[in-house]
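Colleague: Please show me the model, and I will ask what stands behind the terms used for it.

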Amino acid sequence: MLKLTVIGCTGRMGQITLKEINQNPEVEVAGALTGPGNLFAGQDVGTFIGEGPFNILITDSPQKALSNADVVIDFSRPEAIERNLDEAIEQQKPYVICITGLQASQQKKIEKTASHIPLLLSPNTSLGIAVLKRLALLAAQMLGPSYDVSLLEMHHHHKRDAPSGTSLSIANDLARLNHLKHNVPPYSPLSPRPAGTIECVVLRGGNLTGDHSVILSGEKEVLTLQHRALNPSLFAQGAIKAAQWLYGKPRGLYTMDDVVELAL
Ligand SMILES: NC(=O)c1ccc[n+]([C@@H]2O[C@H](COP(=O)([O-])OP(=O)(O)OC[C@H]3O[C@@H](n4cnc5c(N)ncnc54)[C@H](OP(=O)(O)O)[C@@H]3O)[C@@H](O)[C@H]2O)c1
């Protein structure tokens, strides 16, 4: 069985991931890392998630949490990543990064780290989103510059970053096409929308797991590609699949496209 350490184990996604690992006969929990000084450190992680003792204690020590892992899954926060990546390099552990809202300096650190260990970076670990990204690129390419491209997303009100990592990743893929640009300054609602820009619209509310739409609007038709995540366990299952795929791979930076064999 593949041994997995979960970083961010006391958070929403961390707890869901631990439950999914416990229900999956191919993997087991090897460690559980929480933030420095977290009140749950020292508790049995299985008891903490309501599934009975796993004989593994929640810790705030990256060194302890990673020591028994074959692969690490990180659902913590951007500010935590640098220290935890350093420990993964030290212990030579493959690492799946599921965090979103990463700053440019943190992205750079990830790229550097990938020359030391196998790293998989995915702001969205669902198979459907990997397919949506591929379809969006194909649609924008086929329809060309006369169609405006808009990304619309809605998530639960706890989400800390906007636009979502998934929207940014779709926009970055689309911006590879010659006729589209991302990161343009916001345009005035009183002037016409500039051609060739990717518009990102963000909604937050309630407990919604995550909806993403790519809308291509022409003069006489609108094409909408939509993905709806129905349950956050989807992302945990995808992260586990990514960890299984990453184990044994050479050092380097991978994405979910590699896992689902949809390399663009
Ligand atoms: N890739 C995907 O498919 C996917 C899907 C859903 C969410 N996400 C992303 O996953 C991340 C977590 O989401 P969430 O909703 O679970 O957030 P959350 O509930 O805020 O959980 C984050 C957890 O990380 C812990 N943490 C903070 N610093 C840490 C450190 N240095 N080491 C280890 N753990 C630390 C926090 O503990 P304290 O409370 O003690 O600080 C908290 O328990 C977000 O970036 C989110 O956007 C990705």
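The turns below deal with the ligand and then with the backbone.

Modeller: This is a predicted model, in which local features need pLDDT of at least 70 and side-chain atom pairs count only at pLDDT 80 or more, while totals for chains, interfaces and linings use all residues. Residues are numbered from 1 along each chain as its sequence is written, and side-chain values use heavy atoms, with hydrogens and water left out.

Colleague: What makes the pair between the ligand and the side chain of Thr100 a polar contact?

Modeller: A polar contact is a pair of N or O atoms within 3.5 Å. An oxygen atom of the ligand is 2.6 Å from an N or O atom in the Thr100 side chain, so the pair meets the definition. For the Thr10 side chain the distance to a ligand oxygen is 2.9 Å, and for a polar side-chain atom of Lys159 it is 3.3 Å. The ligand taken alone exposes 930 Å², and the protein buries 82% of that (Shrake-Rupley method, 1.4 Å probe).

Colleague: Why is the ligand said to lie between domain 1 and domain 2?

Modeller: Domain 1 (2-125 + 232-259) and domain 2 (127-229) both give residues to the shell around the ligand, so the ligand lies between them. The bounds come from an automatic or database domain assignment.

Colleague: What makes the peptide bond between Ala162 and Pro163 stand out?

Modeller: The bond joining Ala162 and Pro163 is cis, with omega about -10 degrees. Most peptide bonds are trans.

Colleague: What is the phi of Asn55?

Modeller: Asn55 is not a glycine, yet has a positive phi of about 60 degrees. Most residues other than glycine have a negative phi.

How values were computed:
A polar contact is a pair of N or O atoms within 3.5 Å; within protein, one must be able to donate a hydrogen and the other to accept it, and residues adjacent in sequence count only if both atoms are side-chain atoms.
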